[in-house]
Amino acid sequence: YCYDETYDLFGTYKADASSILPKDKRWNAAWAVGAGWNLKSYFKDWDAVSALRLKASYGRTASLAGISPSLAQATFTYLNDSYGDSRLFELMSLYNNSLKPEQTVSTEVGMSLGFIDRINLEVGWYDRRTEDALLDVPIPSSNGFATLKRNIGVLSNMGVEASLNVNILNMNDLRLNLKGSVAYNYNKVIDLYDGDRLYTSEDAIIPDFEVGKSYDMLYGPVSLGLDPMTGLPVFKGADGSEIPATGKLTREDMVALGHSVPPWSGTINLSFTWKSLEFDADFYYVLGGIKAYAYSYVRYYDDANRNAVKGQVENMWFQKGDEGKIYHTPWFSSSAIENMTSWPNSKSIGSSDYLRLSMLSLRYRFSKRELAWTKGIIKYANVAIQGSNLFTITRYRESDPESGSFIGAQQPVLTFNLSLSF
C-alpha cells in the first residue's frame, strides 16, 4: 500500500506443508511486514538533499534445509547382498520423527540518502535469529549410526551493509564515477540446548559449534614454538602444561584461533569515460579472517617461485640445536601425524586479508566518422582488452589467501576482443 508517494506498507503471508514431516508438524507459516517512509517531501526546499528514505521489515520463515525423508521417517533401501533367497535391506539413517523446521526471525532496517544528484548512500542493518536449528548430534556408535539430526540450537546472524556511489564528473564527453561497498557479518551460537559445545563424533576434539562463538571459527591448540631438539612444535595445555607433538591433546586444549570466513568484505569500482573511450577497474577485499598454512615443503630451492613460502628452507628446522626456526621439520614419526596434520595451531595460521584487482578493462568504440573509410561495409566496431585477477595484495605468506592452495586459486586472465558489425 502506498499513500501520497510518502508512506509504503506491505505484508505477506503463506503456509506450506511438507510430506516429509509427521502430520502434526507438516504445516508451517511464513510471514513478513514492512514499512517505508520517503522523507524527501519534508525537505523540498533543500536542494542539496536529492533523496532521503527509510525502510524497515520484520518477518519469520521456516526452513527444511538439510532434512531428507530418511531423517524424519523410517526409510529402507535394498542392498546388493542377499541371504539365501532373500535380498537384504537396511535402514538408510537413524530417523527422528520429532524433527520440525528451523524458524528464522529477520529484522532489517535501511536508509537511502542522496546529495545533489551526485552522491548516493545506502546503509542497511539486519538481524537474523534462527531457533530450533537443525544440527547433527553425535550418538553412541552402538546404535549403528554416528549422528542424529535434531532441533538443538539457536543461532544469530547480524550484519551491516553500506554502499556509496559518487558521480565525480558528469560532462558531455567526460564522466568519472566512483563506487564502493562494505559489509560486516557477525554470527554467533546463542544456545545448544544440551551443552556449551557440540562435537559431531565421540572421538572428535574440535567442536563444530560452541556457545558464544561464531560458527565459522577455526580451532586448534596454542603453540609455544619448536623444540630445538626435535624440530616439532610444543603445545600449551589447558592447565598451562607443555604437551609435545607426540603427546595426546584433549578437547580442553583446543581454543578458538579466529574466523575461517572473513567477517569484512567489500568492493571498489572506478569508471572513467572520455568520448568513445571507456575504462573500468574493480577491486575486491576481505578483512578479519585467518587460514591455515599447508606447508608444502620444497627443500632444495630457497626461492619464492619454487617454495610455498619465501625463505621457508632457511627458517626450517633440520638438525638438533637449531633455534629460532619458524617451520617444523618435514620428517616426523607416525605418533605426531595427528597433531601435525589434523588441525592448525596458533603458529601455523596466517591472516587471509587481501585486496584483489578482480577486473581491469579498456574499451574503445569507433565513431561513424572513423568508419567512413569502409564505405559503409563496417557498421559498428568495438575493440576491448580486459584483465581479470591481475594481482593480489595480501599478508598471507603461502599460496592463495582465498583458497589456501595453489590448486583452484584464481588465475590471471587476459582477454582481447574485437567486435565488428557489417
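Which side chains meet in a salt bridge at 3.6 Å, N to O? They are those of Lys100 and Asp132. Here a salt bridge is a side-chain nitrogen of Lys or Arg within 4 Å of a carboxyl oxygen of Asp or Glu. This is a predicted model, where local features need pLDDT of at least 70, side-chain atom pairs count only at pLDDT 80 or more, and totals for chains, interfaces and linings use all residues. Residues are numbered from 1 along each chain as its sequence is written, and side-chain values use heavy atoms, with hydrogens and water left out.

**Confidence**

- The protein chain averages a pLDDT of 86 (the predictor's confidence in each residue, from 0 to 100), and 95% of the residues score at least 70.
- Among the elements of the chain, strand E18 (residues 264-274) has the highest mean pLDDT, 95, and strand E5 (residues 76-83) the lowest, 80. Strands (E, at least two residues) are DSSP runs, numbered from the N terminus.
- Over residues 299-304 the pLDDT drops below 50, though this stretch has twelve contacts in the model beyond near neighbours in sequence. A contact means heavy atoms within 4.5 Å.

**The E5-E6 hairpin**

- E5 runs antiparallel to strand E6 (residues 86-91), and five bridges join them. Strands count as paired if DSSP finds at least two bridges between them.
- Two residues sit between E5 and E6 in this hairpin, and Gly84 in the turn has a positive phi of about 65°.
- Across the pair, Ser82 stands opposite Arg87 in E6.

**Salt bridges**

- Searching the whole structure turns up 13 salt bridges.
- Back to the opening pair: Lys100 is in the loop between E6 and strand E7 (102-115) and Asp132 is in strand E8 (residues 119-138), so their bridge ties together parts that are 32 residues apart in sequence.
- Lys100 is partly exposed at 36% relative accessibility, while Asp132 is buried at 18%. The cut-offs for relative accessible area are under 20% for buried, over 50% for exposed, and in between for partly exposed (1.4 Å probe, protein chains only).
- Arg363 and Asp280 also bring their side chains together in a salt bridge, at 2.6 Å, N to O. That pair links distant parts of the chain, with Arg363 in strand E22 (residues 354-365) and Asp280 in strand E19 (residues 277-287), 83 residues apart.
- Arg363 is partly exposed at 24%, and Asp280 is buried at 13%.
- Another salt bridge joins the side chains of Arg395 and Asp353 at 3.2 Å, N to O. Arg395 lies in the loop between strand E23 (380-394) and strand E24 (413-421) and Asp353 in the loop between strand E21 (349-351) and E22, so the pair ties together parts 42 residues apart in sequence.
- Arg395 is exposed, with a relative accessible area of 61%, but Asp353 is buried at 14%.
- Glu278, Asp280, Arg363 and Arg365 are joined into one network by salt bridges that share partners.

**A buried lysine**

- Lys291 lies in strand E20 (residues 290-292).
- Lys291 is buried yet has no salt bridge, and the nearest side chain of opposite charge, Asp400, is 7.6 Å away. For charge, Lys and Arg count as positive and Asp and Glu as negative, while His and the chain ends are not counted.
- A polar atom of the Lys291 side chain does lie 3.4 Å from the backbone oxygen of Glu402.
- Leaving out residues up to four places away in sequence, Lys291 touches several residues, including Ser348, Ile349, Tyr396, Pro401 and Gly404.

Note on methods: Helix = DSSP H or I, 4+ residues; strand = E, 2+ residues; numbered from the N terminus. Polar contact = N/O pair within 3.5 Å; in protein donor to acceptor, adjacent residues only side chain to side chain.
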